[in-house]
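Colleague: I would love a close look at one part of this protein, namely its salt bridges. Could you take me through them and the residues around them?

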Amino acid sequence: MTERRESRAHAWFAGRRAAREQGWRRTDALVRATVCGLGLVAVGLVLHRLELVLIGMPLVVGLLLSRPPTGTPTVTSEPRHEAVDAGKDSTVAVTVDPGEGAAFAALRMPMPNMPGAGKVHLLPAVAGEVHTRLSWRLWGHGIYLRPDYLFASHEGLYMYGPVVGVVAHHTVLPPIDPLPPGPLPPRAAGLVGAHRSARPGDGMELRDIRPFRSGDRLRRVDWRVSLRAAAARGGELAPGTLHVRERHAEADADLVLALDTRLDVDGAVADWNARLPGSGVRPGGSLDLGVRATSSLAAAFLRHGDRVGLVDLGHPRSGVPIGSGRRHLERIRHQLVYAAQRVAGSGDPVLNPAQIPAGATVLVLSPFLDDKLVDVVVRVARRGRLVVAVDLLPDDLTPDASTPWGAAVVSVLRAEHRVRIRAMEEHGVAVVRWQSGPPLGAMLRSARRRRRS
């Protein structure tokens with residue numbers, strides 16, 4: 001079986017080299033037909049059998065008079081955007097120009113996120129467009145479209161190819177799930193934003209009603225309260241009867257999303273040290289879940305008008321500083337794809353004070369399988385930051401069936417994990433599971449109440 005695969009691979013590369021150097025080339029059918037025709041003529045002459053000569057002579061003459069096609073077939077795909085969103089489908093067109101003399105076309109278009117090289121479509125060699133639908137189910141780097149093609153003449157006597165099409169690389173960005181942003185504590189500096197500040201200002205939420213003072217604007221006067229106060233004093237708007245509405249100022253908030261890219265684990269404990277061929281992220285694993293959660297959280301808070309930053313705990317220089325806007329969200333999503341390709345497997349997490357602005361809320365997303373990250377999270381919480389830990393460890397851990405110690409290893413992992421979670425909670429860090437935890441708004445409100453107490 002192995003020798004047969006090697007021979008097929010050798011024939012494939014030989015065909016590619018011949019198509020690149022010679023263009024149209026003879027097929028095995030032409031060689032076999034020529035040998036068969038000459039053999040019939042030779043046997044007929046030796047055995048003095050006229051019927052064999054009459055059968056083989058037209059075949060030989062027809063093959064000798066045949067000429068290879070002169071056209072140069074081409075297959076091109078329409079240009080697409082370099083980055084696409086995961087979870088969406090799109091239709092692309094492949095333009096086929098068979099040239100002169102081609103009769104059949106075989107197109108093989110590998111599909112993204114699909115195992116194997118894709119299906120082969122046998123089509124008549126007619127100039128036009130072939131439409132195919134692409135489905136983006138996984139995020140990361142991949143091949144957008146690579147139309148491999150092969151053309152054949154009438155009766156399959158001459159062949160052009162196989163030719164490997166031009167590879168168009170792309171980046172599939174992580175999906176964005178709709179999430180409510182939740183209340184973040186506002187920054188101490190800046191009085192423009194979407195969150196209520198403790199300072200008085202020109203916001204929307206009522207803070208207090210007080211008597212009019214020098215410097216207050218007339219548009220802040222509450223005439224209903226003022227008229228009631230005047231009626232209590234005889235019905236005249238005398239000094240001291242005017243009252244104004246005092247509102248809370250609205251301020252921006254900063255959110256730092258710290259993602260642990262050092263580990264990528266799933267439910268099968270036996271596969272934690274194995275790397276998937278051709279992929280750097282396990283589908284449904286902790287890193288996949290963390291990237292999707294980070295992308296959704298960043299989109300929700302940026303849409304709310306807050307500023308969001310990204311910290312790569314495994315590679316500190318690969319983070320994204322605090323920013324806002326649509327383009328900043330695209331930078332975060334691109335950086336998530338880039339960071340997920342470099343799973344280190346070990347190393348010390350880094351979360352410096354310089355990476356966290358004053359007054360920012362920190363969300364740490366990790367499976368929390370080592371004590372070093374817990375120490376880092378506790379130190380950040382001791383500096384007065386509001387820290388929320390999002391646990392990404394899978395619920396159903398499957399023991400390794402190849403060793404009798406599989407169940408014991410899972411028990412030890414769970415026990416150590418519970419100790420780490422309890423240690424963070426004792427230091428004022430709110431811990432929640434991304435799948436089964438409370439909504440984000442309730443989680444942040446609970447964390448703020450703990451911090452005040």
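Modeller: Happily; here is a walk through the charged pairs, with a few other spots at the end. Please keep in mind that this is a predicted model. The count comes to 12 salt bridges, and I will pick out some of them.

Let's begin in helix 5, which covers residues 286-303. Here D288 forms a salt bridge with R292, and their closest N and O atoms are 2.9 Å apart. Both residues lie in helix 5, 4 residues apart, which is about one turn of the helix. D288 counts as buried because its relative accessibility is 6%, whereas R292, at 22%, is partly exposed. Another acidic residue makes a contact in this area: the side chain of D264 reaches the backbone nitrogen of L287 at 3.3 Å. D264 sits in the loop between strand 14 (254-259) and helix 5, and with a relative accessible area of 9% D264 is buried.

Next comes a pair between two helices. The side chains of R420 and D371 meet in a salt bridge, 2.7 Å from N to O. This pair links distant parts of the chain, with R420 in helix 8 (residues 406-426) and D371 in helix 7 (residues 371-382), 49 residues apart. R420 is buried at 8% relative accessibility, while D371 is partly exposed at 47%.

A pair between strands follows. R433 and D391 meet through their side chains in a salt bridge of 2.7 Å, N to O. R433 belongs to strand 19 (residues 430-433) and D391 to strand 18 (residues 386-391), so the pair ties together parts that are 42 residues apart in sequence. In this case the arginine is partly exposed, R433 having 21% relative accessibility, and D391 is buried at 5%. There is also a network: D260, R262 and D370 are joined by salt bridges that share partners.

Now for some uncharged spots. A search of the whole structure finds 1 aromatic pair. The ring centres of Y149 and F151 are 5.8 Å apart and the planes stand at 65 degrees, so this pair is edge-to-face. Y149 and F151 are both buried.

Finally, V43, V46 and L47 make a nonpolar surface patch of about 280 Å². L47 lies in helix 2 (residues 28-47) and counts as exposed, at 53% relative accessibility. An unreviewed UniProt entry lists residues 29-47 as "transmembrane region". In the model that stretch is 100% helix and 0% strand, with its end C-alpha atoms 26 Å apart.

Terms used: Residues numbered from 1 in each chain as written. Predicted model: local features only at pLDDT ≥ 70, side-chain atom pairs only at ≥ 80, totals over all residues. Heavy atoms only, no water. Patch = residues over 30% accessible without salt bridge, like charges linked within 9 Å, V, L, I, M, F, W, Y side chains within 5 Å. Areas by Shrake-Rupley, 256 points an atom, 1.4 Å probe, with all protein chains shown as cover. Salt bridge = Lys/Arg side-chain N within 4 Å of Asp/Glu carboxyl O. Buried < 20%, exposed > 50% of the residue type's maximum accessible area, 1.4 Å probe, protein only. Phe/Tyr/Trp six-rings, centres within 6.5 Å; stacked < 30°, edge-to-face > 60°. UniProt positions renumbered as here; feature names shortened; annotations may be inferred. Polar contact = N/O pair within 3.5 Å; in protein donor to acceptor, adjacent residues only side chain to side chain.
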